Amino acid sequence: MIETEKLSEEKKYNKWIVVLAIAIPLVVAVLSRLKLQDFGIEVEPLTFLPPIYATINGLTAVILVIAFIAIKNKNLVLHENLMTTALWCSVVFLVMYVAYHMTSDSTTFGGEGLIKYMYYFILVTHILLSIVIIPFVLITYVRAITNNFERHKKIARITFPLWLYVAVTGVIVYLMISPYYV
């Protein structure tokens, strides 16, 4: 496929990338603030979910590292399968995160002093980069599935460390706040 055909193939996905990059953070923000109980829906709080979705974040981090090693070893099929799995892990994480927050009250961090500042720094950077990473992941993925590997490699050099940071800090945030869950 010549370069212009690859770019044309990529452009077919651009509208979806923009829509998803805007919609996902907005939907997560809105749904995370709504409580099903406020609408008369009787549901038990899904308090068992945080350790599960934190584990999924950890698994995503491990998958990303293994996928990085796979591509360095020129194992394209393994890399592709792992990256698709990492993408689906992120989707499952988001669904569980929203489900938890739609049924449970937010937990307040109870630490004091330096640890409190560290927690909020990690939390804020995690949240901000989790929003920033969405278009990067989608663009990187589209460039791979449209066989535009040169452009894929360029953006993957940015996407990989950001996504890895988000996955790892998700686990750290959970570990830091878990003593304060009711």
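**Exercise 1. Determine which helix holds the salt bridge between Lys153 and Glu150, and how far apart the two residues lie.**

Solution. The side chains of Lys153 and Glu150 form a salt bridge, with an N to O distance of 3.3 Å. The model examined here is predicted. In the next step, the two residues are placed on the chain: Lys153 and Glu150 both belong to helix α5 and are three residues apart, about one turn of the helix. Finally, Lys153 has a relative accessible area of 40%; because buried requires under 20% and exposed over 50%, Lys153 is classed as partly exposed.

**Exercise 2. State how many salt bridges a search of the whole structure finds, and identify the residues linked in a network.**

Solution. The search of the whole structure yields three salt bridges.

Step 1. One of them joins the side chains of Glu10 and Arg143, at 3.3 Å from N to O. Glu10 is located in helix α1 (residues 3-33) and Arg143 in helix α4 (residues 114-145), so this pair ties together parts that are 133 residues apart in sequence.

Step 2. The side chain of Glu10 also meets that of Arg151 in a salt bridge, at 3.0 Å from N to O. Since Glu10 lies in helix α1 and Arg151 in helix α5 (residues 149-177), the pair ties together parts that are 141 residues apart in sequence.

Step 3. Glu10, Arg143 and Arg151 are therefore linked in a network of salt bridges.

**Exercise 3. Classify Glu10, Arg143 and Arg151 as buried, partly exposed or exposed.**

Solution. The limit for a buried residue is under 20% relative accessible area. Glu10, at 6% relative accessibility, is buried. Arg143, with a relative accessible area of 14%, is buried as well. Arg151 has a relative accessible area of 28% and is partly exposed.

**Exercise 4. Establish the geometry of the ring pair Tyr53 and Tyr100, and find the helices that hold the two residues.**

Solution. The structure contains eleven aromatic pairs. For Tyr53 and Tyr100, the ring centres are 6.2 Å apart and the planes stand at 65 degrees, so the pair is edge-to-face. Tyr53 is part of helix α2 (residues 49-72) and Tyr100 of helix α3 (residues 76-103), so the pair ties together parts that are 47 residues apart in sequence. Tyr53 is buried, with a relative accessible area of 7%, and Tyr100 is buried, with a relative accessible area of 3%.

A further pair, Phe109 and Tyr119, is stacked: the centres are 4.1 Å apart, with 5 degrees between the planes. Phe109 lies in the loop between α3 and α4 and Tyr119 in helix α4, ten residues apart. Both Phe109 and Tyr119 are buried.

To complete the solution, Tyr53 and Tyr100 are set in their wider context: ring pairs link Tyr53, Phe93, Tyr97, Tyr100, Tyr174 and Tyr181 into a cluster.

**Exercise 5. Describe the surroundings of Cys89, leaving aside its neighbours within four places in sequence.**

Solution. Cys89 is situated in helix α3. With a relative accessible area of 11%, Cys89 is buried. Apart from neighbours within four places in sequence, Cys89 is in contact with Ile56, Leu59, Thr60 and Ile63. A C-alpha distance completes the description: Cys89 and Gly58, which are 31 residues apart along the chain, have C-alpha atoms separated by 9.9 Å.

Conventions: Residues numbered from 1 in each chain as written. Predicted model: local features only at pLDDT ≥ 70, side-chain atom pairs only at ≥ 80, totals over all residues. Heavy atoms only, no water. Salt bridge = Lys/Arg side-chain N within 4 Å of Asp/Glu carboxyl O. Helix = DSSP H or I, 4+ residues; strand = E, 2+ residues; numbered from the N terminus. Buried < 20%, exposed > 50% of the residue type's maximum accessible area, 1.4 Å probe, protein only. Phe/Tyr/Trp six-rings, centres within 6.5 Å; stacked < 30°, edge-to-face > 60°. Contact = heavy atoms within 4.5 Å.
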